[in-house]
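Here is a set of short exercises to work through with the model open beside you. Try each task before reading its solution.

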Amino acid sequence: MGRGRPEGRTGGRALCAGSRRAVAAGADPVRDGRRVIRRGRRYGKAGGTERRVRVRAVFGVLGPVSAWDDAGEPIALKGPRHRAVLARLIVARRRVVPVGHLVDDLWEEPPAGAVSAVRTFVAALRRALEPERPPRAPARLLVTEGPGYALRAEPDAVDAWRFERAVTATATLPPADALARLDEALGWWRGPGYAEFAEAPWARAERAKLAELRLHAVERRAGARLALGLAAEAVPDLDAHVTEHPWREEAWRLLALALYRTGRQGDALAVLRRARALLVEQLGVDPGPALRQLEADVLDQAAHLDVAHPDVTHLDAAGPVAAGPDAERPSGVAPAPAPASASEVRPAPGPDAPDAPDPAGAAARVWARAAADYDRAVSAGARARLESTVGLLRNLALTGGEGLEAARAHRLAAVAAAEELGDPELTARVIGAYDVPAIWTRADDPEQAARIVAAAERTLAALPAPGHAAARARLLATIALETRGTRSPTDPPEAADLATLAATGSPASAAPASRPPAPQAPAPRATRAAREAEEIARRLDDPALLAFALGGRFMQCFERAGLAPDRDAIGAELVALSARHGLVAYEVLGHLIRVQARSALADFATADRHAAAVDRLADRHELPLVGVFTQWYRALSLVATGHPTGPEAEGAYRAAAARLDGAGMPGLERGLLPLALLCLWLTREDQGAALPATRGADWGPYAPWVRPLALLADGRRAEAATALRAAPPPPHDLLYEALWCLIGRAAIGIGDRAVIRLARSQLLPAEDELAGAGSGLLTLGPVAHHLAALDAALAGPDGS
């Protein structure tokens, strides 16, 4: 049996979040695993007194075997043998498994005392699953019965059982409802079923059954999309599906039909002929009647092929699904380049051609020929396709907003597909190849980022040692890059709110900027990962790897205020390194980092030079997203140095915000314009003390630190005081100083001396910087002015 791998917290939260979405969409509430838990209250006797005991657990086997409580927090299942016992009982589906069978399943050669060991594992599982059960009260979830044990989980408390019910139910649903249900159900998969027990004989049949059911669900989802006229959306998943499972004729049929309905008749015929060749050459059988009929219909351009059927009342009511041997990777992996149609592939023109094509046309033909050759030369199941896919996604992410969103959508599926193959070296390459530079310190998709980090941690643990230094460095840099302004689940928790932080104090942050404080606790996991990645890259003398590692180090250079000089040094090294070695994307990143850092240091002349260099590189190398940041910087520079009128400055910010529309960067976009306008208003000298009306503004992620000021503006002082103390400490990111200035301003207005002292201690290391300007987007003016206001408030008799 494979050794269990630690799981991050994301899996449990995703499971519960998926259930919440189902209920919100009007699905049957019993499908929510936590609803089952809330109903699962029992009574046990302890000392003659009945007590209520919560049986609280949701189980996940669509991936590594896991359990979560009703808050979505993971339940510690201890070692691999404990997890194996739990998995074996889940496979039994509430039936009793005799102790002797458990012994035989856990050990090839049972040791002496194996029965006692099983009983110890069961006892530990009971304590974990029913922590509120009184001593000597009978277990209600993992029960002893007859010769063995059974897990009496509710039918909806195991994700695999819910998945089977959901897929079966879609057979009689209208296509729109079926599509929503199938999207949700397929989203429950976190990896191959019973992932760490792939070699266990007792899990083999269940894994095969779930894998086959998943393949059926993927195809049924594609059928629902076709019925709804969404053929273009069906093509990428189907292309990935047939690549992984080339013997499924229904998948080939659906892909060809989807291509035909998107106007790609040549591609549809190429797909059908590729299916025929595979079946004949590899299996020695001809395509079935459905594929043969579709090929004839495509050649005849049959009218019925163009018709989607949105009025269909339900999908096919398929019978029981037969077990199959393969595990399915998650749908959504970006396919290898599709074969070009005959109309797209033309011979290159000779030197005497009268009308030479334009360069764009030549590039299109080269792409089409190369894609067709790749598709013919690289077998459908080759692992090289995954690595090629990630390289394609990396380039796609740099092409603009649509490309960035598409790359983000397919990246996690590519990683999951690599993990399913059970090759940690391949998985490390797939994760580490996506070295797309990042300049903003808030993730566009925090849940996906957490799952990528968890996969990188699992792969690090699974990589054979010694060796693989470069792969390890890329995994570590990925952890540093994806952990943006957040903490790893393995890090000690921070204070939940400002009240707690003010009560405990933060002496380390009060040290002057000239003398950084000695660390009071181990550095966060992502910071350690960034440092280790950089050390490995320097030791290997690998420029591309070092650039990736420096990008990760930049993302973790926000542990306290006042670190703009450190980030400026990182940017300077990135610019020099990338220019020497032709690493254009990282040269752009280096310049942008210097734009931010020099803005924080009020050196706008130098920042202007780096912004101009960024624009030149972006224009030369077709990097359209870069202009979003340089336009925001120019609005900031205007505000900080040009003394514009209110309407002029506001217009500059609104024009910059318009560039975010369609840029594919929700982590940057949401709440940014209202925050920039608020900062603009707060720094204008001709304003009074009261804020303008702020009702209705979407502050996005910045709401906790703006709300106290907004309540003060409404004259609701008591509510403002409560909101201020309940606000969490700001994340360690590019707006760290700006948010602390907002906190300090609100604390002064309320007269909260403890929070005033706290804000002062946090801002003091940045005394020589412009608050917020390190973002390259907005500013609240010199930190020194805010510190002076905080000092004046503390000098007053009542802090006001």
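**Exercise 1. A patch on the surface**

Is Leu283 buried, partly exposed or exposed?

Solution. Before starting, note that this is a predicted model, where local features need pLDDT of at least 70, side-chain atom pairs count only at pLDDT 80 or more, and totals for chains, interfaces and linings use all residues. Residues are numbered from 1 along each chain as its sequence is written, and side-chain values use heavy atoms, with hydrogens and water left out.

Step 1: recall the classes. Buried means under 20% relative accessible area, exposed means over 50%, and partly exposed lies in between (1.4 Å probe, protein chains only).

Step 2: apply them. Leu283 has a relative accessible area of 46%, so Leu283 is partly exposed.

Step 3: place the residue. Leu283 belongs to helix H11, which covers residues 265-283. Helices here are DSSP runs of H or I with at least four residues, strands are runs of E with at least two, and both are numbered from the N terminus.

Step 4: look at the company. Together with Trp247 and Val285, Leu283 makes a nonpolar patch on the surface, with about 270 Å² of accessible area in total. Patches take residues with over 30% relative accessible area and no salt bridge; like charges are joined within 9 Å, and nonpolar side chains (Val, Leu, Ile, Met, Phe, Trp, Tyr) within 5 Å. The areas come from the Shrake-Rupley method with a 1.4 Å probe, and for residues only the protein chains shown count as cover.

**Exercise 2. Cysteines**

How many disulfides does the rule give, and why is Cys741 in no bond with Cys679?

Solution. Step 1: set the rule, a pair of cysteine sulfur atoms within 2.5 Å.

Step 2: count. The total is 0 disulfides. For Cys679, the nearest cysteine sulfur belongs to Cys741 and is 8.8 Å away.

Step 3: explain. Because the sulfur of Cys741 is 8.8 Å from that of Cys679, its closest cysteine sulfur, the two are too far apart for a bond.

Step 4: check the surroundings. Cys679 is buried at 1% relative accessible area, and Cys741 is buried at 2%.

**Exercise 3. Salt bridges**

Find the partner of Arg88 and say which helices the pair ties together.

Solution. Step 1: know the idea. Side chains of opposite charge can pair when their charged atoms come close. The cut-off is a side-chain nitrogen of Lys or Arg within 4 Å of a carboxyl oxygen of Asp or Glu.

Step 2: search. The whole structure holds 39 salt bridges.

Step 3: pick the pair. Arg88 bridges to Asp105, with the closest N and O atoms 2.6 Å apart. Arg88 sits in helix H3 (residues 80-91) and Asp105 in helix H4 (residues 99-106), so this bridge ties together parts that are 17 residues apart in sequence. Arg88 counts as buried at 15% relative accessibility, while Asp105 counts as partly exposed at 22%.

Step 4: try further cases. Arg394 and Asp435 form a salt bridge with closest N and O atoms 2.3 Å apart. This pair links distant parts of the chain, 41 residues apart: Arg394 is in helix H14 (residues 384-397), and Asp435 is in the loop between helix H16 (424-432) and helix H17 (446-462). Asp435 counts as buried at 8% relative accessibility. Asp267 and Arg264 also meet, at 2.7 Å from N to O. Finally, a network of salt bridges links Arg93, Glu164, Glu206 and Lys209.

**Exercise 4. A sheet**

In what order do the strands of the open sheet stand?

Solution. Step 1: recall pairing. Strands of a sheet pair through backbone hydrogen bonds, either parallel or antiparallel. Here two strands pair if DSSP finds at least two bridges between them.

Step 2: read the order. The 3 strands run E5-E7-E6, with antiparallel pairing. E5 (97-98) and E6 stand at the edges with a single partner strand each, so one side of each has no neighbour in the sheet.

Step 3: trace the bridges. E6 (residues 142-145) and E7 (residues 148-151) share 4 bridges, and Val143 stands opposite Ala150 in E7. E5 and E7 are joined by 2 bridges; Val97 has Tyr149 in E7 as its bridge partner.

Step 4: inspect the turn. The hairpin of E6 and E7 has 2 residues between the strands, and Gly146 there takes a positive phi near 60°.
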